[in-house]
Amino acid sequence: MKSLLLRRLAVLLPTLLLVSMMVFGLQKLLPGDPALALAGEERNPEVVEYLRQKYRFNDPIPVQYAVWLKALVHGDFGTSVRTRLPIGTMLAEKLPVTVELAMLSMLVALLVGLPIGIFAALGRGTPFDYGASLFGLAGLSIPHFWLGIMLILLFSVNLGWLPAGGFVPPSESVGGNLLSMLMPALVLGTGTAAIMMRHVRSAMIEAMKQDYVRTARAKGVRESTIVVRHALPNALIPVVTLGTLQFGELLAGAVLTEQVFSIPGFGKMVVDGVFSRDYAVVQAVVLCTAAVFLLMSLIADVAYVLLNPRLRS
């Protein structure tokens, strides 16, 4: 296990460094001058030059990257040029919101995808199986922003059951927080539920074909016991690692959902940073998202080894 962790860390750190270089470099390819965007409508030449000197926009790109990376190593993400707030403080405020949304979305995916996938595998070739396949195709095909707008029209505009957008912190009201996050979690969890359902179905079908299942049936073991105690635990091994990776993707893929429902998380933060030319904010958000995704990938590898005795040996 130690050797596995060391090998994964040896790959993770250079990958994170490469991601930081790509993020920093791609930001410089965006059209427009950030100094002009920060100078306001008047764009006084003296103010523009002052901003270029202050934020080192005139320095060569490698020098800018080296300065930014040195500060980053010391835990300094810089200061937002739009809000004048430390980016570390902004990340600490926005990250819990996106993590909560990702966790609720994963809960929706598990509650929907697991049972549908299991029953679809047990009833292979039945109408339920075909309906489950149709659900999976729809979940993967329907855009999140369209589904979000349709849910807002139905549950907020027409029925008035749920708020159309916004975010209520749990410290203010737990019930209000869950109501404000219910539709975004449904929207974001739909695609993950479809992926989870398809993988669970395939894994269960494969598990039910194994020799230990036939042996249990020959011994007269009840079908429900075979499914719950023998087939399902083995079928869920790859699903655990899939769920870990999907959680990282939920963190990275919440941009459109947060925009539709006006949720102040990582997605809205990076969009606001792009439109205001706030390079430091965009770089910090993308880098943190990449770091979380790589960490979830590491956890998935470790979980797969722990759950699979053959790999441990």
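**Helices, burial and salt bridges in a predicted model**

Me: In this predicted model, how far apart are the end C-alpha atoms of residues 181-200?
Reply: The span 181-200 is 100% helix and 0% strand. UniProt, in an unreviewed entry, lists 181-200 among its "transmembrane region" features. The C-alpha atoms at the two ends of the span are separated by 26 Å.

Me: What is the end-to-end C-alpha distance over residues 101-122?
Reply: This stretch also carries the "transmembrane region" feature in the unreviewed UniProt entry. Its content is 100% helix and 0% strand. Between the end C-alpha atoms of 101-122 the distance is 32 Å.

Me: How many helices does the protein chain have?
Reply: Read from the N terminus, the elements run α-α-α-α-α-α-α-α-α-α-α-α-α-α. The number of strands is zero, and the number of helices is 14.

Me: What share of the residues in the protein chain counts as buried?
Reply: The C-alpha trace spans about 85 × 55 × 35 Å along its principal axes. The accessible surface is about 17,100 Å², and carbon and sulfur atoms hold 67% of that area. For the 313 residues of the chain, the buried share is 39%.

Me: Is T289 buried or exposed?
Reply: T289 sits in helix 13, residues 279-307. Leaving out residues up to four places away in sequence, T289 touches L251, A252 and F266. Its relative accessible area is 16%; the cut-off for burial is under 20%, so T289 is buried.

Me: Which helix gives the most to the nonpolar surface patch?
Reply: The patch covers about 700 Å² and is made by I142, F145, W146, I149, M150, L153, V157 and L256. Six residues of the patch come from one helix, spanning residues 144-158. That element is helix 7.

Me: Is V157, a member of the patch, buried or exposed?
Reply: V157 is found in helix 7. Its relative accessibility is 55%. The exposed class begins over 50%, and therefore V157 counts as exposed.

Me: How many residues apart in sequence are D129 and R201?
Reply: The side chains of D129 and R201 form a salt bridge, at 2.7 Å from N to O. The pair links distant parts of the chain, D129 being in helix 6 (residues 127-141) and R201 in helix 8 (residues 174-207), with a separation of 72 residues.
Both ends of this bridge, D129 and R201, are buried. The separation asked for is 72 residues.

Me: Which residue forms a salt bridge with E223?
Reply: E223 is partly exposed, at 38% relative accessibility. Its partner is also partly exposed, at 39%. The closest N and O atoms of the pair are 2.7 Å apart, and the partner of E223 is R217.

Me: Which helix holds both K268 and D272?
Reply: The two side chains meet in a salt bridge, 3.4 Å from N to O. K268 is partly exposed at 28%, and D272 is partly exposed at 25%. They are four residues apart, about one turn, within residues 266-275, which form helix 12.

Me: How many salt bridges does a search of the whole structure find?
Reply: Those described here include D129 with R201, E223 with R217 and K268 with D272. The search of the whole structure gives a total of four.

Note on methods: Residues numbered from 1 in each chain as written. Predicted model: local features only at pLDDT ≥ 70, side-chain atom pairs only at ≥ 80, totals over all residues. Heavy atoms only, no water. Buried < 20%, exposed > 50% of the residue type's maximum accessible area, 1.4 Å probe, protein only. Contact = heavy atoms within 4.5 Å. UniProt positions renumbered as here; feature names shortened; annotations may be inferred. Patch = residues over 30% accessible without salt bridge, like charges linked within 9 Å, V, L, I, M, F, W, Y side chains within 5 Å. Areas by Shrake-Rupley, 256 points an atom, 1.4 Å probe, with all protein chains shown as cover.
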